[in-house]
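Welcome, and please get your viewer ready. We will go from the whole chain to a few selections, one stop at a time.

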Amino acid sequence: MKYYIIVLFLSLSLSGFTQEVSNEGKIYEVKNEKIYLNGEDITETLSLAKKTLIFKEAAAITETLKIEAAAQKNIQLKKAESKALKDAEKLKKEEEKALKKKEEVAKKLEKENKKAEKAQKKAEKERKKAEKEIKKKEKLQKNFEKAESNLNKAQKKYEKLNAKGKLSPVDERKWLDKIEKLTEKVAKAKRRL
C-alpha cells in the first residue's frame, strides 16, 4: 500500500509541476505549454526551433521520469507478488501439516475403534459362553432332580407294593433292577454336576 501511494504521488508531481530544462547554459522552466526563464514567460520571444527543442527536451525528461516511475511500480509489484507467493506457499504448507495431523488423528481414532470393537466382541463371546455354561448347569440340575424324583417314586411304589405283598419274585427282581438303574442315573447326574 505504501508503494502505491509513492507511485501516485510521483505521477501527480510529474504532471502538475514545472519541468526544468537546461539549454545553452540556461535553465528554462516548462509549465503548461509555456517556457519561463527566471520566472518570466518568454515563450513568444523564442524562435520556433528553440521552442520545439525545449519542449522536446521537457517531454523527454517527463517521459524518462514516467518510465522510472513505471519501473519503480513494476519493482514494487514484483516484490508484492513475490511476497504473496511466499505467503501462499506458507499457507499451503500449514494446510498440509494440518491435513496430516487430521489424518493421524483419524487413524488413531480408527485404531481405537477397532480395539474397542474387538474388546466388545470378546466380551460378547465370553458372555455367551457364560450363558451357555449356566444353561448347561441348569439342565444338569434338572436332570439330577428328575432322576432323584424318579428314584424316590420308584422306591416308594416298590415299598408300597412289597408291603402289601403283591410282588412275585420275578416282579420283585424287576423292581430292584429298575431301582438299581435309577440309582446309577442319580449317581451319574450327580457326578456331572
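**Stop 1: the whole chain**

Start with a cartoon view and follow the chain along its sequence: the pattern reads α-β-β-β-β-α-α. That comes to three helices and four strands. Keep in mind as you look around that this is a predicted model.

Now switch on the surface. The accessible surface of the chain is about 16800 Å², and carbon and sulfur atoms hold 55% of it. Of the 193 residues in the chain, 16% are buried. If you draw contacts with a separation of 6 or more, 46% of them join residues 24 or more positions apart.

**Stop 2: helix 3**

Select helix 3, residues 169-192, and check its length. Its end C-alpha atoms are 35 Å apart, which agrees with the 34 Å that its 24 residues should span at 1.5 Å a residue.

Next, show side chains. Which residues of helix 3 are buried? They are Trp-175, Ile-179, Leu-182, Val-186 and Ala-189. The spacing is worth a look, because an α-helix has 3.6 residues a turn and residues three or four places apart point the same way. Helix 2 is part of what covers these buried residues of helix 3.

**Stop 3: the largest nonpolar core**

Keep those five side chains on, as they also belong to the largest nonpolar core. To complete its eleven residues, add Phe-144, Ala-147, Leu-151, Ala-154, Tyr-158 and Leu-167. The elements giving two or more residues to this core are helix 2 (48-164) and helix 3.

Centre on Ala-154. Beyond its neighbours within four places in sequence, Ala-154 is in contact with Trp-175, Ile-179 and Leu-182. Apart from the largest core lies another one, of seven residues, including Tyr-28, Ile-35, Ile-42 and Ala-58.

**Stop 4: a pocket**

Turn to the second largest pocket, with a volume of about 210 Å³. Select its lining: Leu-140, Asn-143, Lys-146, Ala-147, Asn-150, Leu-182, Lys-185, Lys-188, Ala-189 and Arg-192. Helix 2 and helix 3 are the elements that give two or more residues to this lining. You have met Ala-147, Leu-182 and Ala-189 already, in the largest nonpolar core.

**Stop 5: Ile-61**

Finally, select Ile-61, which lies in helix 2. Is Ile-61 buried, partly exposed or exposed? Its relative accessibility is 30%, so Ile-61 counts as partly exposed. Add Glu-20 and draw a C-alpha to C-alpha distance: Ile-61 and Glu-20 are 8.7 Å apart in space and 41 residues apart in sequence.

How values were computed
Residues are numbered from 1 along each chain as its sequence is written. This is a predicted model: local features need pLDDT of at least 70, side-chain atom pairs count only at pLDDT 80 or more; totals for chains, interfaces and linings use all residues. Side-chain values use heavy atoms; hydrogens and water are left out. A nonpolar core is a set of buried Ala, Val, Leu, Ile, Met, Phe, Trp, Tyr and Cys residues joined through side-chain atoms within 4.5 Å. Buried means under 20% relative accessible area, exposed over 50%, partly exposed in between (1.4 Å probe, protein chains only). Contact means heavy atoms within 4.5 Å. Accessible areas come from the Shrake-Rupley method with a 1.4 Å probe; for residues, only the protein chains shown count as cover. The expected span of a helix is 1.5 Å times one less than its number of residues. On a 1 Å grid over the protein atoms alone, a cavity is a set of points where a 1.4 Å probe fits but cannot get out, and a pocket is an open set with protein on both sides within 12 Å along at least five of seven lines; lining residues have an atom within 4 Å of a point. Grid points are joined across faces, edges and corners, and a volume is the space filled by probe spheres set on the points.
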